[in-house]
Amino acid sequence: MSDHLMATYNRLPVTFERGQGVWLWDTEHRQYLDALSGIAVCGLGHAHPAVSAALCDQAGKLLHTSNLYGIALQQQLADRLYAVSGMDRVFFANSGAEANEAAIKIARLYGHSRGVHTPAVVVMEKSFHGRTLATLTATGNRRIQAGYEPLVSGFLRVPYNDVAAIRALASGKNDIVAVLVEPVQGEGGVRLPDAGYLTGIRALCDEFGWLMMLDEIQTGMGRTGAWFAWQHSGAQPDVCTLAKSLGNGVPIGACLASGKAAELMQPGSHGSTFGGNPLACRAALAVLDTLEQEQLVARAAQAGQAMLEQFRDRLHGVAGVLDVRGLGLMLGIELDRPCTALVGRALDQGLLINVTAERVIRLLPPLILNDKQASMIVDQVSTLVREFLVAPA
Ligand SMILES: Cc1ncc(COP(=O)(O)O)c(C=O)c1O
């Protein structure tokens, strides 16, 4: 590894050279089954022909102009996102953190428009919203915040899956204007919302006039077996953020808003040099086309359910397995002990997995995986887990 890179990452000892579908090949020509999709980014797998063709074509025409001018592909993408989400308007950014920054700025504008001078956003314990100063403050993980103090003011924290805790905050005079929550916590350990959690937040937001803001950066674009995870509950948010799989690897983020929240940004209130440039929008349009044509949202629901059942079957009664859970192709296996070592063991066997929150094996395979590949992941991971629990060291 180059001495000239900042030491921000603990990298695994592998470098990939090429990919095709669910497969990756390293510089030594070893083949790997990708059950992580670059952390929920490559939902269409690697080198999907529709995305590759769209990018090559666009690169030969126009990469970038500026948001000083009209961008037809951006307008098309906004219309397509409206069609699948029902969210009125979108601001395009380049990453998840930036999409969340836009959401937080909307919350503040909303507060000021209502005469609240120090607007506060309710956020959750164990959440993850990004690495900019505002988004790491919103993040419910001290390790991510440590060293970056002073943090940003205007956030109030409560436990996830606890509507009563949010209601309790509302009774104090604390200038709440919005609630920001991941519908399924990803980095926090694939933690699913209890029945009634999201609809409960929706009801509270309606009662108190707050914005309901959902971070769908990891869960969005079909990952959970619906276009957006909120659609499982029917609790439509006022603001929703996307990134990760929206461009299948081409950096793009989006902050969607509806109703009053969609009207707050005016010329000059926010901006981005690259946000929504022709290349990124062309990639996202190809992603939307492919998700629709190949019916991958329904496929994620069906494949995810099948994998969940297979895992429950294979790991039933195994001492040390606390829970097997998931929604669509977002799967978590929680053990009773730290298990980060499993990542390296899987890699040695040609399988890419992730461990988050120290004890939760997280799987986010591409939505295009076939039944055989899904079963291979279940077989390999179940065997790794059983072997690890017998001999964890
Ligand atoms: C739920 C959630 N929000 C925000 C982010 C930050 O996205 P980015 O790394 O693109 O800034 C992530 C990234 O893992 C995420 O999972």
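Modeller: On a 1 Å grid over the protein atoms alone, a cavity is a set of points where a 1.4 Å probe fits but cannot get out, and its lining residues have an atom within 4 Å of a point. This is a predicted model, in which local features need pLDDT of at least 70 and side-chain atom pairs count only at pLDDT 80 or more, while totals for chains, interfaces and linings use all residues. Residues are numbered from 1 along each chain as its sequence is written, and side-chain values use heavy atoms, with hydrogens and water left out.

Biologist: Which residues lie nearest the centre of the largest cavity?
Modeller: The structure holds one cavity of 30 Å³ or more, with about 70 Å³ of space in it, volume being the space filled by probe spheres set on the joined grid points. The lining comprises seven nonpolar, five polar and one charged residues. Of these 13 lining residues, those nearest the centre are Gly 43, Met 221, Ser 245, Leu 291 and Leu 367.

Biologist: Which element gives the most to the lining of the second largest pocket?
Modeller: A pocket is an open set of points with protein on both sides within 12 Å along at least five of seven lines, and the second largest one has a volume of about 700 Å³. Among its 26 lining residues, Gln 74, Val 90, Phe 91, Phe 92 and Met 265 lie nearest the centre, and by class the lining has 14 nonpolar, eleven polar and one charged residues. Helix 3 (72–85), strand 4 (89–93) and strand 10 (253–257) each supply at least two residues, but the most, four residues, come from strand 4.

Biologist: How much of the ligand does the protein bury?
Modeller: Surrounding the ligand are 13 residues, each with a heavy atom within 4 Å of it, and Gly 96, Ala 97, Asp 215, Gln 218 and Lys 244 are the closest. Among the polar contacts (N or O pairs within 3.5 Å), an oxygen atom of the ligand is 2.8 Å from a polar backbone atom of Gly 96, a polar side-chain atom of Gln 218 is 2.8 Å from a ligand oxygen atom, and a ligand nitrogen atom is 3.4 Å from a polar backbone atom of Phe 128. Taken alone the ligand exposes 400 Å² (Shrake-Rupley method, 1.4 Å probe), and the share of this that the protein buries is 81%.

Biologist: Which helix gives the most to the shell around the ligand?
Modeller: The shell divides into three nonpolar, six polar and four charged residues. Helices here are DSSP runs (H or I) of at least four residues and strands (E) of at least two, and the protein has twelve helices and 15 strands. With three residues in the shell, the one that gives the most is helix 4 (residues 96–113).

Biologist: What is the omega of the cis peptide bond from Glu 149 to Pro 150?
Modeller: Most peptide bonds are trans. Pro 150 is found in the loop between helix 6 (142–145) and strand 6 (155–158). The bond from Glu 149 to Pro 150 is cis, with omega near 5°.

Biologist: Where is Ala 47, and what is its phi?
Modeller: Ala 47 has its place in the loop between helix 1 (37–40) and helix 2 (49–59). Most residues other than glycine have a negative phi. In Ala 47, phi is positive, near 55°.

Notes. Polar contact = N/O pair within 3.5 Å; in protein donor to acceptor, adjacent residues only side chain to side chain. Nonpolar A, V, L, I, M, F, W, Y, C, P; charged D, E, K, R; others polar.
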